[in-house]
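User: Please look closely at one part of this model, the way its strands are arranged into sheets. I would also like to know how that part sits within the chain as a whole.

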Amino acid sequence: MKSFQVSRRSFLQRCSIVAATTGLPTWWVERQLTAAEQAPQKATSPNDRPGVALIGCGSQGTRGAQNAANWGEVIAVCDVDSKQAANAAEKLAVEGRKPAVYSDFRRVLERSDVHVIVNGTPDHWHTLINLGAARAKKDVYSEKPLTLTIDEGRRLVRAVRQSGVILQTGTQQRSSQRFRLACELVRNERIGRLKEAKVWLPAGLREGPFATSPVPANLDWDTWLGPAPKVDYVKERCHKTFRFWYDYSGGTMTDWGAHHNDIAYWAIGLLAPRTVESRVLVQPIPGGYDTFSEYEVKYAYENGIRLNISTTKDDSIYGAKVNAGGQRNGIRFEGTDGWIWVNRDQLQASDPALLKAPLPEGAVRLYESKNHMENFLDCVKSRQAPICDVETGHRSATMCHLGAISMRTGRKLTWDSQQERFVGEFAAEANRYVAREMRAPYDYSFVA
Ligand SMILES: NC(=O)c1ccc[n+]([C@@H]2O[C@H](COP(=O)([O-])OP(=O)(O)OC[C@H]3O[C@@H](n4cnc5c(N)ncnc54)[C@H](O)[C@@H]3O)[C@@H](O)[C@H]2O)c1
């Protein structure tokens, strides 16, 4: 009895320390730690470790593969830039053994000892590689936003379902306790009936015009462009800053939107908004990045809930010079009885008491994952759906694409979430952005 009391006391002390250092409520930490202690031990043997291949060796892909190496063996890396591939191979070497280096991802997919793909390519390549992987029966951890267009997402959902592979979207905020707690509190009406979610995304870069320059010897620029239109090499179109061009990405609307809209989607719990409208606050510089840097987007759901997105300059995420004093990037849920604010390092409420009381027995519980990559690799073994499966990734990317399409057309639009088409006024104009032309040979036949 005594030892139980002592260990119970030390358990509670551990909970208070974790609560104090994370800012999470003590009842929540206690619930998490109890569940973790009761979870069955995972059997691990060297044979359990899947063969992992990294496709797209920038910093994010390399980080993902390093993380996957905790549970698998990274045996191949692939990039169309030989320098990027060599750097990643160096970083992923184990006891001097480097993974094999490739430039054509299709050769990687042919290897029978590759079980899992980490896809860290820019957004315009995600879908073709993910489709190729599904056809080759490889499980996929794909970076966000899952797609470049809504049509790509629908095709990918179908292919993943048909092949039975596991796909995790790299929207890792779902595996963060802070975001899950915020969403559970909203779903359980801790702030009353949800009226509005407000999302702040970092403002994007507004720079240019840019000059062309010779293609670096280490880069296969034509394949980097892949399905996107052929253009002369411009450094700012390529590594990292590809995210500020619509041919390859969608600006901060899809870059950070893929994270924060995904959380809004989780808390709201409805498939999609019915209408979307927008206001572009600053126009791009001709010859420079062509995505909008500062904007507002308003979504309305059929049950009256609103989702309002604004950009904030109070974050220097992209290294741009910004003025402090605005609103940090994050999400604020406003209900009839209060609000909850959440971002990657804060969880606050209109009244701290809203966070303090435990959720009752029988409360709505959301899918729990504590580590996004571990959840994926657990699901590779169990063949259960991961926390951000293909449909979730497709639907949260769709929210971002809807906002971008409203900005690009300058229209208020109505969305049919079942047909995945715009309907009503300006539908024909907007539906042109649901899919895009792919430059041969980098169309769907490239991975058929
Ligand atoms: N989950 C997150 O928090 C998070 C953070 C950063 C980036 N990302 C996402 O990760 C992805 C990569 O971002 P990044 O900043 O690392 O980009 P990056 O430009 O630094 O790296 C991308 C790499 O992919 C390579 N590549 C392009 N086409 C290829 C192809 N067909 N085959 C093989 N390699 C190819 C490029 O040469 C480059 O080395 C993006 O989709 C981005 O949105 C996610």
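Analyst: What follows starts with the ground rules, goes through the sheets, and ends with the chain and a few backbone details.

This is a predicted model, in which local features need pLDDT of at least 70, side-chain atom pairs count only at pLDDT 80 or more, and totals for chains, interfaces and linings use all residues. Residues are numbered from 1 along each chain as its sequence is written, and side-chain values use heavy atoms, with hydrogens and water left out.

Helices (H or I, at least four residues) and strands (E, at least two) are DSSP runs, numbered from the N terminus. Two strands pair if DSSP finds at least two bridges between them.

One open sheet has nine strands, in the order S13-S12-S11-S7-S10-S9-S8-S14-S15, and its pairing is mixed. Its edges are strand S13 (347–349) and strand S15 (421–423); each has a single partner strand, so one side of each has no neighbour in the sheet. From one strand to the next, the twist averages 20°; for such angles, axes are lines fitted to C-alpha atoms (for helices over the stretch in contact), and values run from 0 to 180 degrees between N-to-C directions. Inside this sheet, strand S9 (residues 295–300) and strand S10 (residues 306–312) are joined by five bridges in the antiparallel sense. In S10, Asn-308 is the bridge partner of Lys-298. Helix H8 (residues 177–187) lies across strand S7 (194–202), strand S11 (330–335), strand S12 (338–342) and S13, and it runs at about 160° to S12. Contact here means heavy atoms within 4.5 Å.

Another open sheet has six strands, ordered S3-S2-S1-S4-S5-S6, with parallel pairing. Strand S3 (100–102) and strand S6 (167–169) form its edges, each pairing on one side only. Strand S1 (residues 51–55) pairs with strand S2 (residues 73–78) in the parallel sense over five bridges. For Ile-55, the bridge partner in S2 is Cys-78. Packed on this sheet is helix H6 (residues 123–135), which touches S1, strand S4 (116–119), strand S5 (139–142) and S6; its direction makes about 180° with that of S4.

Now for the chain that holds these sheets. It has 15 helices and 15 strands. Its radius of gyration is 22 Å, close to the 22 Å that the globule rule gives for 448 residues, so the chain is as compact as a globular protein of that length. That radius is taken over C-alpha atoms, and the rule is 2.2 Å times the number of residues to the power 0.38. Of the 448 residues, 54% count as buried, meaning under 20% relative accessible area, with exposed over 50% and partly exposed in between (1.4 Å probe, protein chains only).

Confidence is given by pLDDT, the predictor's score for each residue from 0 to 100. The chain averages 94. Among its elements, helix H1 (residues 2–22) has the lowest mean, 75, and helix H9 (residues 221–225) the highest, 99.

Some backbone details remain. Lys-144 and Pro-145 are joined by a cis peptide bond, with omega about -20°, and Pro-145 is in the loop between S5 and helix H7 (150–163). Glu-95, in the loop between helix H4 (82–91) and S3, has a positive phi of about 45° although it is not a glycine. Glu-95 is exposed, with a relative accessible area of 76%.
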